[in-house]
Amino acid sequence: MKLWTGRFHKELDKTTNDFNSSISFDSRMAREDITGSIAHATMLGSCGVIDKAEADAICKGLEGILADLESGALAIDPNAEDIHTFIEAELTARLGDSGKRLHTARSRNDQVALDVRLYLRGQCETLRGQVAELVRVLCKQAKEHSGDVMPGYTHLQRAQPITFGHHLMAYAEMFLRDLSRLEDAQRRMNVCPLGSGALAGTTYPLDREMTASLLGFDGPTHNSLDGVSDRDFCMELASAIAICMVHLSRFSEEIILWCSWEFKFIELDDAFSTGSSIMPQKKNPDIAELVRGKTGRVVGDLTTLLTMMKGLPLAYNKDMQEDKEAIFDAVDTLHMCLTAFIPMLDTMRVLPENMRKAAARGFINATDCADYLVGKGLPFRDAYKVTGALVAYCIDHDQTLETLPLEQYKEHHELFDQDVYEAISLDRCVNGRKVLGGPAPENVRREADRVLAMMEEKKA
């Protein structure tokens, strides 16, 4: 039975009913709906809005429904309009008129707003735990490979020498920001809209602070219109998730490149790769490719939420029913991607010798060659020009800066001496970059330890 049938003389058209129904996707909030209803009934009984014994019976009945749902003894009716209607109807079937009193001083508008906040708050906890675990894996790998030299790139061209550990810690920084965004989103959503009614509150003497406290919120919302029409928390969480997915996508792109024979910097474990139906030699990085692809749908979820809300007047509008499928999909997708991505990263095999070979062939120590001349007293712009001419000469004569004879160095500038070879060695180039944020191995290890300590503090 619909909660609003008293006003109407006809049954809702079946096609319209199906179109209007949200049970197919909001049924996942059954626990949250029951938890919110127990808090509401407890408060109603405490405030004398309904009889205390009746409130206790309602709470007991709701606990029984939850137990039956979780055990499988009770199945959710797919023909119900939504999860809220289903649970109230089941409660009324079990308790009679007492069940009908549960909805006193409450609207589905504030009830839905509450359920979504409760559900997403729990999902934020799960996602935060996963992102923190990803950061820990990155730090572990970074410490293991803090001294493995590889080319750093700009424009996907070899640029300067860094280490694989330093590269991984760049992603750790990104995911730390994602973790912070998830924390912020969770903190801002943690206010209780229950008591806002349909839009104008209620004349019943409610204790909204009590309800908020029972449900673990920081407090109640302070405007009834905003309480039922606010979906900022959905948009903010979707934004945080979308940014995190973009970071995963960028990382996936690099993993895909690194796995290729053209790079061969890493090899993924067989458990996280697939083959070809026709080419027996293939080992494909499908997980990374799927993560890269699924990023688009999460960006679409964010766009859906932003577009849905942009033209809505206060207060509640049925458009807002579209919030759930979009935010649920964003949450589910990030959770699924992290579940596959973390062990893939943890089990990958790093091939440092291939990285070093790539670093040796790209003139990525040219800046250090110029810095060598600067150290001898030459202005940087002159040193830059001399080094550029050296690189051009090496390319024309199939040489590298490491193999170029000293005589050729001296032909380009008299300040060059035997110590130039030490100055441009890859290890020297990397080890000398000890400035805060630089790729020196000691920096990488120190930063990894710093971040791991932060993760431990968050756990505590």
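## Around His145

His145 touches Thr163, Phe164, Gly165 and Val350, leaving out residues up to four places away in sequence. You can find His145 in the loop between helix 7 and strand 1 (149-154). Is His145 buried or exposed? Its relative accessible area is 12%, and buried means under 20%, so His145 is buried. As you explore, keep in mind that this is a predicted model.

## The largest nonpolar core

Let's move to the core. The largest nonpolar core has 78 residues, and Ile255 and Ile266 touch the most other members. The elements that give two or more residues to this core are helix 7, helix 8, helix 11, helix 12 (286-309), helix 13 (323-347), helix 14 (352-360) and helix 20. Which helix gives the most? That is helix 11, with 16 residues.

Take a look around Ile266 next. Setting aside neighbours within four places in sequence, Ile266 is in contact with Phe164, Ile255, Trp258, Cys259, Met348, Arg349, Val350, Leu351 and Met355. Apart from this core lies another one, of 24 residues, with Ile58, Ile65, Leu91 and Met210 among them.

## Helix 11

Helix 11 covers residues 232-259. Here is a small calculation to follow: at 1.5 Å a residue, its 28 residues should span 40 Å, and the end C-alpha atoms are indeed 40 Å apart, so the two values agree. How many residues of helix 11 are buried? The count is 20 of 28, and the helix is mostly covered.

## Helix 20 and its buried face

The same check can be tried on helix 20, residues 441-459. Its 19 residues should span 27 Å at 1.5 Å a residue, and this agrees with the end C-alpha atoms, which are 27 Å apart.

Which residues of helix 20 are buried? They are Pro441, Asn443, Val444, Ala448, Val451 and Met455. Seen down the axis of helix 20, these buried residues fall within an arc of 155°, so they line one face of the helix. A general rule helps here: an α-helix has 3.6 residues a turn, so residues three or four places apart point the same way. What covers the buried residues of helix 20 includes helix 7 (108-144), strand 2 (157-163), helix 8 (164-189) and helix 19 (426-431).

## Backbone details worth finding

Three spots in the backbone are good to look up. The peptide bond from Leu314 to Ala315 is cis, with omega near 5°. Ala315 lies in the loop between helix 12 and helix 13.

Lys264 is not a glycine, yet it has a positive phi of about 55°. Lys264 sits in the loop between helix 11 and strand 3 (266-267), and it is buried, with a relative accessible area of 16%. Phe363, also a residue other than glycine, has a positive phi near 55°. Phe363 is found in the loop between helix 14 and helix 15 (366-375), and at 18% relative accessibility it counts as buried.

## The loop between helix 8 and helix 9

Pro205 belongs to the loop between helix 8 and helix 9 (208-214). With a relative accessible area of 56%, Pro205 is exposed. Leaving aside neighbours within four places in sequence, Pro205 is in contact with Cys47 and Val49. Its C-alpha atom is separated by 46 Å from that of Leu338, and the two residues are 133 residues apart along the chain.

Gly201 is found in the loop between helix 8 and helix 9. At 28% relative accessibility, Gly201 counts as partly exposed. Gly201 touches Gly195, Ser196 and Ser224, not counting residues up to four places away in sequence. The C-alpha atoms of Gly201 and Met174 are separated by 42 Å, with their positions 27 residues apart along the chain.

## An annotated region and His413

The unreviewed UniProt entry gives residues 363-431 the annotation "domain: Argininosuccinate lyase C-terminal". Over residues 363-431 the chain is 64% helix and 0% strand, and the end C-alpha atoms are 17 Å apart.

Where is His413? Look in the loop between helix 17 (406-412) and helix 18 (420-423). The side chain of His413 reaches the backbone nitrogen of Leu415 at 3.1 Å. Aside from neighbours within four places in sequence, His413 is in contact with Leu378 and Val386.

Key. Residues are numbered from 1 along each chain as its sequence is written. This is a predicted model: local features need pLDDT of at least 70, side-chain atom pairs count only at pLDDT 80 or more; totals for chains, interfaces and linings use all residues. Side-chain values use heavy atoms; hydrogens and water are left out. Helices (H or I, at least four residues) and strands (E, at least two) are DSSP runs, numbered from the N terminus. The expected span of a helix is 1.5 Å times one less than its number of residues. Buried means under 20% relative accessible area, exposed over 50%, partly exposed in between (1.4 Å probe, protein chains only). The arc is that of the directions from the helix axis to the C-beta atoms. Contact means heavy atoms within 4.5 Å. A polar contact is a pair of N or O atoms within 3.5 Å; within protein, one must be able to donate a hydrogen and the other to accept it, and residues adjacent in sequence count only if both atoms are side-chain atoms. UniProt positions are given in the numbering used here, feature names are shortened, and annotations may be inferred rather than shown by experiment. A nonpolar core is a set of buried Ala, Val, Leu, Ile, Met, Phe, Trp, Tyr and Cys residues joined through side-chain atoms within 4.5 Å.
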